[in-house]
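Here are a few exercises to help you find your way around. Keep the structure open while you try them, then check the worked solutions.

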Amino acid sequence: MLVKRLFCSYAKALNRLQRAPSGSKHTSSDYNDVAPFECRPLVRCFSIDANHPPDDGQKPVTTVSLYHMKKIIKASSTVLGESVEGPTCIQTVCPVCHVVPGGAEGKPISDAIRSKIFVNKTTGNFTCSSCQYLGRWDHIEKFFPPTSRTPKTVQELRKLRDAFLELKGEHVGTVWPIPGDAIAVDTVERAREVIKFLSLENIIPDTLVSVKARWNEHKRELFIPLVDVEDRAIGYKTLHVGSDGEVFERTVPETNASGLIYLRCNPSNPVAKAKDLSQHNAILVLNVLDLLALGSVKLNATAVCLPHDLKALPQQCLPGLERFQRLTLWFNYDTAGWDTARNYAKKLDERRCLFVRPTDQHPTPYRALLEGTFEPKAILSKAQPILHQSITTFRSLRQDVLSDLQNIDKVQGVKWKRYPTLNKLLKGHRKGELTVLTGPTGCGKTTFMSDYSLDLAQQGVSTLWGSFEIRNTRLAVTLLRQMVGRPLDENLSEFEQWADAFERLPIYFMTFHGQQPIKIVMEAIEHAQYVHDIQHVIIDNLQFMMGVLDEAKHLDRYWKQDAIIAAFRTFATKRNCHVTLVIHPRKERDTDELTTSSIFGGAKASQEADNVLIIQDKRLTSVRGKKYLQVAKNRYSGDLGIMPLDFDKASLSYAQRKKKPDGEDGGSSEGPAGSEQINRTVGRAF
């Protein structure tokens with residue numbers, strides 16, 4: 001049934017192709033004396049379904065998922081080899097021409113018989129450089145070798161492949177060769193004669209030689225071949241002087257030409273051993289005259305002439321532009337040219353496209369060369385990106401969104417081992433976020449933050465501590481004691497072992513103490529982030545960065561704090577680094593619970609923060625009062641809640657410990673047991 005359905009589909013396509021006009025009739029009045037163009041049997045075939053909507057009764061083509069195509073192509077890499085994803089197409093080996101289903105699928109294809117196939121990332125239409133066939137993704141999808149197939153499926157695929165190749169071979173396609181009576185313009189002298197006859201002022205003769213032009217002296221026509229991605233001529237453009245002396249241009253074939261004209265411009269300093277940018281930068285123009293004009297300008301780029309002016313840009317042309325990293329669109333300076341540039345840029349991938357703004361001061365290359373008042377190189381230097389660097393679209397973010405959904409656990413961030421309740425609420429510690437921690441004086445903000453950051457550092461999160469309240473020595477003692485889990489002053493013999501383990505943790509300290517200006521602190525943080533790849537910055541606390549300079553005392557205190565918070569917010573976003581700010585609350589009654597409005601300063605701290613953590617201490621205001629951590633803001637998941645804080649004085653830690661089974665005591669840490677604990681902690685740190 002599947003074979004029969006495929007035969008019917010291709011039979012309909014063949015009938016439509018035979019009914020299509022041959023293209024040998026010409027309507028232009030300027031070419032009435034031109035003999036019919038020669039046609040040659042199949043060299044390049046096009047599937048009608050790829051360019052036109054399906055006929056009545058045919059199943060319409062559904063939207064092709066890029067993720068689905070990439071998944072299938074990647075799964076066949078063991079047989080076809082690794083694929084290459086470009087701006088508009090995915091390049092791999094044609095699975096129909098060189099792979100027999102059920103054959104030597106485990107053997108890689110030799111480079112000698114590899115033929116590239118280009119799959120359009122938007123439409124799914126494919127173009128095979130070997131068989132010169134253009135078709136839909138659903139016609140070729142089934143031929144990509146999967147990891148496993150049943151014998152029945154392999155047999156059916158072999159029949160489908162034979163039918164596919166047979167029907168494809170029967171299609172009568174046309175290629176338009178340059179008439180045989182045209183002679184090659186292969187010398188500078190002959191090029192000068194052609195330029196003189198066509199009155200192409202200021203055009204360098206070498207450009208006609210470079211584009212492999214041909215000249216028909218009897219009909220006074222210049223032919224420039226259109227080449228495909230394999231550098232094969234599949235059509236041409238003609239230049240002909242009309243009765244009024246104006247040069248007319250026409251493309252053959254008139255529609256769906258898949259070829260382009262390439263002209264490597266002369267670099268301004270060919271002797272210098274500079275990087276050859278012509279292989280990466282291209283300037284797209286609409287006609288041959290503009291192309292030849294760019295050949296007369298000293299540019300380190302490749303000029304490319306599109307086949308159909310402003311009418312259309314066939315997707316068969318896109319593979320020929322894949323190798324360029326930057327495309328500059330230089331079209332007619334009118335409304336149509338501007339609109340076409342924006343539409344073409346979407347097809348070519350806007351991220352690599354620049355445009356020459358269409359104004360009277362930015363004429364097309366040939367007009368600029370004739371008028372002499374505008375320097376083409378200066379106009380080109382004013383090209384602007386079509387897609388602003390500060391604006392993006394969902395299409396650009398689509399694959400990132402899919403990746404985040406497929407790796408949700410990794411996107412959520414690093415999990416805490418000491419605080420499982422935080423994992424339930426915050427989901428994890430993520431880069432690029434800003435966390436604000438507040439709490440009453442003496443509630444243990446610094447102790448909690450050291451325990452909080454040590455947990456992350458032991459899992460490889462590189463941390464920079466900026467403690468302005470206490471000395472780094474005392475902070476290091478607290479961190480080391482929290483890592484060991486007991487006082488080391490009673491077990492000094494173990495100090496060297498634990499110190500060596502702690503020294504290998506990715507924890508760094510800033511040497512500031514007391515009040516410091518924000519500029520100096522930010523310079524130190526940016527330096528540390530660049531050199532040590534810091535992922536977590538802790539500032540304890542923000543009030544010590546309000547500044548002590550004489551000129552700062554006249555500034556509003558709230559304004560200064562907002563400026564500091566804005567600086568850290570920008571740093572966290574641009575450098576993809578998590579910043580935790582410890583901020584004291586405003587003085588409020590002890591009986592009142594702290595809220596996000598209790599944070600000292602204006603509302604900017606709570607507004608800019610992704611997470612707001614508040615330590616609530618009710619031990620002094622209630623008989624059964626407890627101390628707990630409240631998640632008052634959670635921008636990532638929105639989950640809010642509290643986490644009890646039970647302080648262990650021996651380890652100076654708030655870590656949530658699992659209950660031990662009955663009859664099991666803590667055990668002694670001396671002797672071998674203590675060594676095993678050290679080894680476990682060291683292993684956990686790495």
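**Exercise 1. Find the partner of Val-285 in β14, then place the two strands in their sheet.**

Start with the bridge: Val-285 is matched with Cys-305 in β14. Keep in mind that this is a predicted model. Next, zoom out to the strands: β13 (residues 281-285) and β14 (residues 302-305) run in the parallel sense, paired over four bridges. Now take in the whole open sheet, where six strands follow the order β12-β14-β13-β15-β16-β17 with mixed pairing. Finally, look at the edges: β12 (261-264) and β17 (384-385) each have a single partner strand, so one side of each has no neighbour in the sheet.

**Exercise 2. Work out how helix α16 packs against helix α17.**

First get the geometry: α16 (residues 472-484) and α17 (residues 495-503) have axes 11 Å apart, at an angle of about 105°. An angle from 65 to 115 degrees counts as roughly perpendicular, so that is how α16 sits relative to α17. Then list who touches whom: Leu-479, Leu-480, Met-483 and Val-484 of α16 meet Phe-495, Trp-498, Ala-501 and Phe-502 of α17. Sort those by class and you get eight nonpolar residues, no polar and no charged ones.

**Exercise 3. Check the span of helix α19, then see what covers its buried residues.**

At 1.5 Å a residue, the 18 residues of α19 (residues 557-574) should span 26 Å, and the end C-alpha atoms are 26 Å apart, so the two agree. Buried residues of α19 include Ile-564, Ile-565 and Phe-568, and also Lys-560 and Arg-569. Among the elements covering the buried residues are β18 (434-438), α18 (518-532) and β22 (578-582). Last stop: just after α19, Asn-576 has a positive phi of about 50°.

Technical notes
Residues are numbered from 1 along each chain as its sequence is written. This is a predicted model: local features need pLDDT of at least 70, side-chain atom pairs count only at pLDDT 80 or more; totals for chains, interfaces and linings use all residues. Side-chain values use heavy atoms; hydrogens and water are left out. Axes are lines fitted to C-alpha atoms, for helices over the stretch in contact, and angles run from 0 to 180 degrees between N-to-C directions. Angles under 35 degrees count as roughly parallel, over 145 as roughly antiparallel, 65 to 115 as roughly perpendicular and the rest as oblique. Contact means heavy atoms within 4.5 Å. Ala, Val, Leu, Ile, Met, Phe, Trp, Tyr, Cys and Pro count as nonpolar, Asp, Glu, Lys and Arg as charged, and the others, Gly among them, as polar. Two strands pair if DSSP finds at least two bridges between them. The expected span of a helix is 1.5 Å times one less than its number of residues. Buried means under 20% relative accessible area, exposed over 50%, partly exposed in between (1.4 Å probe, protein chains only).
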